[in-house]
Amino acid sequence: MLVEKKVNTWFEHFHAHPEVSLKEFKTTEKLVEILTSLGVAHHTFEDVTGVVAEIGNGENVIAVRADIDALWQEVDGKLQANHSCGHDANIAMVLGALAYLQDEPLDGRIRFIFQPAEEQGNGAVKMVERGAVDGVTQLYGVHLRPIEEIPYGKVIPAIHHGAAVFLEGEIRGVDAHGARPHQGKNAIDPLVAIHQFVKTIYYSPYEAYSVKVTKMQAGGESVNIIPGSATFSLDVRAQTNAVLDDLMVKIKEGIELLGKLHGVTIETKWNDYTPAAEVSEEAANIAKLGILEAVGEESYAPAVTTSGSDDFHFYTIHKPELKATMIGIGADLQPGLHHPKMTFNRQALDIGARVLAATLKKAVASCK
């Protein structure tokens, strides 16, 4: 079977069998089945989903990562696992690159990391903790891109993702009768103050950042009770890790002061931190050469900056010596990533597989 046909067959299987983060049991089993049929050495883990495979020989090791989990979302009125972020495509493209390369002479080893739980933001860390990038000098990722970033037929050597984190908060005051507000501590007052406060945080207009209140809940069915408790959440984003770190400090300090001002307790917790991309110029240049070789200069496009995030960048946070980049594949993807009815041009799958194969071969050769 031609590799292109295999890639589409693999995509169709994973697309039809989505599984959410850390529950990718059948996905892992299928990957093991495919790797076994290809005669590729691989191993799984006792305590977490995912697979790591390797081809080639020698001391030098470079790696490529595919995320394997799906989202849990409503599709046509039904809550279900759904591959609306394109991880099924990422799996197929990385398997395709492996198939293109497995009979090629290699100047070292190429490791294929099929990683769980990207959507939870902790899958990359689990792979780091289990040695998936031990000895690796260069790391590559791949992802389909929305049509507003690049169209079908274009490929970029790097995606400059932003950093993101969510804050969950709980306000604890005292309930009171609507006729006696002085006897309570109205949780709505600090709730509104937090909404206004985050709008007063400013950085240089040359820095991309945002802070939004995305949830506010207070009160019940009785309109004559002043609520003493409330919950809220913030979505916090920045294009650089330094700005996000500073934002987190300012937000935490501001909320603590508002709690004191209103005489209430405000408990907060940061969740799902995802770092911004730390793109290696060397890795991006190798990816560019891979793009030019696989699909020609007319298909090459420069790197893009996006406000989205990806836990791929935890690899470089935990292993700063890693030279890493994520390749972006134009696929006329629309209406957008995470849309329950996301669609794309499936001919992009083989383009991605061939670009990855060319890039990985050049990368392992560059380590000599």
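## Helix 2

In helix 2, the buried residues (buried meaning under 20% relative accessible area, exposed over 50%, partly exposed in between, with a 1.4 Å probe and protein chains only) are T27, T28, K30, L31, I34, L35 and L38. Viewed down the axis of helix 2, these buried residues fall within an arc of 160°, so they line one face of the helix; the arc is that of the directions from the helix axis to the C-beta atoms. F25, K26 and S37 are exposed on the other side of helix 2.

This is a predicted model, in which local features need pLDDT of at least 70 and side-chain atom pairs count only at pLDDT 80 or more, while totals for chains, interfaces and linings use all residues. Residues are numbered from 1 along each chain as its sequence is written, and side-chain values use heavy atoms, with hydrogens and water left out.

Helix 2 covers residues 25-38, and its 14 residues reach 20 Å from first C-alpha to last, close to the 20 Å expected at 1.5 Å a residue; the expected span is 1.5 Å times one less than the number of residues. Helices (H or I, at least four residues) and strands (E, at least two) are DSSP runs, numbered from the N terminus. The buried residues of helix 2 pack against helix 1 (3-16), strand 1, strand 2 (51-56), helix 3 (87-101) and strand 6, where contact means heavy atoms within 4.5 Å. Just after helix 2, G39 has a positive phi of about 75°.

## The sheet

Seven strands form an open sheet in the order 1-2-6-3-7-17-8, with mixed pairing; two strands pair if DSSP finds at least two bridges between them. Strand 1 (41-43) and strand 8 (155-156) stand at the edges with a single partner strand each, so one side of each has no neighbour in the sheet. Strand 3 (residues 61-67) and strand 6 (residues 109-115) run parallel and are joined by seven bridges. A63 has R111 of strand 6 as its bridge partner.

Helix 7 (residues 281-295) packs on the sheet, touching strand 7 (136-146), strand 8 and strand 17 (323-333), and its direction makes about 40° with that of strand 17. Axes are lines fitted to C-alpha atoms, for helices over the stretch in contact, and angles run from 0 to 180 degrees between N-to-C directions. Helix 9 (residues 348-365) also packs on the sheet, at about 165° to the direction of strand 17.

## Loop residues

L22, in the loop between helix 1 and helix 2, has a positive phi near 65° and is partly exposed at 27% relative accessibility. In the loop between strand 17 and helix 9 lies P335, and the peptide bond from Q334 to P335 is cis, with omega near -5°.
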